[in-house]
Structure formats: structure tokens, C-alpha cells
Amino acid sequence: MQTVKIPVSIDPIRASASQLSYEGVVPHKQLKRLNELSAGDCSDVTVSLECGVDIQGIVYLKGKAVTELTLNCQRCMTLFTTEVTVDFNFSPCGNEAEIDELPDAYDPIECNEIGEVRLHQLIEDELIVAMPLIPMHANESCRQGSQDIVVGEIEPAQQERPNPFAVLEKLKSK
């Protein structure tokens, strides 16, 4: 296998019948939504993709995608770079019945009207889902991570107050 540009779309049934495998990159300029969500441009996405048919006769697209994103730390508000890795295992489905019968090991994907799957969009969707919800440095490398944050003042404990149920104790003894 040689490193190539990953095709924009693929026919999963034909690719699986031929047992195609791809190792390549998706240029970061193709991933507009991912670039909008990061604080800077993401790096090119390294993708490995394997197409095949399993023992049960299920067509699958299995692979891995890796990229580096520049994000804004929500604790110290500085930029940092993090690696986002996604493993995926998809199977094309045509209707609800096929989706219901699909084993849990596979995620269903929908083909377009000519029977193809848009790989770039699929990979971009998976990377967006894998992004951290609240991006932060590790505590050791964050400027604000080791500082204790105190909001407001804590009042000192008051002297012992009389028990409000002491009156009930007197009534009980009568």
C-alpha cells in the first residue's frame, strides 16, 4: 500500500468486493467544519481504511483517522495542540430493517442516491464527535491548573447555637 489522497467518495459494496485498502491523507483544507471548530487549522488527517466483507456477509469499512488540532484551553485561555484519534467500523444500510439487524460492532452509514459514501465527510464527522467538549491542557502544563480557585468567602463557624428542639424535650418530660 502506498500513501495516497483518500478518495472523496467510495462505493462500499464494490470496494469491499475488491477488498480495497487505503493508507493516506485527507488534506486539512477539505475539512472546513473541523477547521471552524478548532482555534487554528488542523493538520492533514492520516487515514487508514480497509474495505471488506465479514463472515456474516456484512460489508464493512473499518479504519482509523488521526489529526492534530489547535484548541483554546478553557482554563487558562491559551492555545495548545492535541492529537485526536478515531477508530471507526461502518456498514452501509439501506433501510430501518437493515439497521436493526446490524451487529453492535458496526455503525450504520447511509449511501447517497448512486450508492456511494462520502468518506471525507464521514471522517470529518467522526473527528468532530471525538473532539474534547471542554478543551484543557493537562494540569502539569496549564498555567492555571495548579492554582486553587476560591469564589467568595467562607464564614467562620458560629458558636454553638441552642437546639431548637430543646422545647420539645421539656414537653416530653411532662
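**Notes on strand β4 and its surroundings**

1. A good place to start is a pairing inside the sheet: Gly24 has Val47 of β4 as its bridge partner. Please keep in mind as you read that this is a predicted model.

2. That pair belongs to a wider match between two strands. Strand β3, residues 21-26, runs antiparallel to β4, and six bridges join them.

3. What pairs with β4 besides β3? Strand β5, covering residues 59-72, does so, again in the antiparallel sense, over eight bridges. If you would like one position to look at there, Glu50 stands opposite Lys62 in β5.

4. The turn between these two strands also deserves a glance. The hairpin of β4 and β5 has five residues between the strands, and Gly57 takes a positive phi near 85 degrees in this hairpin.

5. Now to Gly52, a residue of β4, the strand that spans residues 45-53. Is Gly52 buried or exposed? Its relative accessibility is 2%, so Gly52 counts as buried, the cut-off being under 20%.

6. Which residues does Gly52 touch, leaving aside neighbours within four places in sequence? Its contacts are Ser16, Ile58, Val59 and Tyr60. Ser18 is also worth finding in the viewer: 34 residues separate Ser18 and Gly52 along the chain, while 7.6 Å separates their C-alpha atoms.

7. Finally, a look at the surface. Phe165, Val167, Leu168 and Leu171 make a nonpolar patch of about 440 Å². One of these residues, Leu168, lies in helix α5, which covers residues 166-173.

Key: Residues numbered from 1 in each chain as written. Predicted model: local features only at pLDDT ≥ 70, side-chain atom pairs only at ≥ 80, totals over all residues. Heavy atoms only, no water. Patch = residues over 30% accessible without salt bridge, like charges linked within 9 Å, V, L, I, M, F, W, Y side chains within 5 Å. Areas by Shrake-Rupley, 256 points an atom, 1.4 Å probe, with all protein chains shown as cover. Salt bridge = Lys/Arg side-chain N within 4 Å of Asp/Glu carboxyl O. Helix = DSSP H or I, 4+ residues; strand = E, 2+ residues; numbered from the N terminus. Buried < 20%, exposed > 50% of the residue type's maximum accessible area, 1.4 Å probe, protein only. Contact = heavy atoms within 4.5 Å. Pairing = 2+ DSSP bridges.
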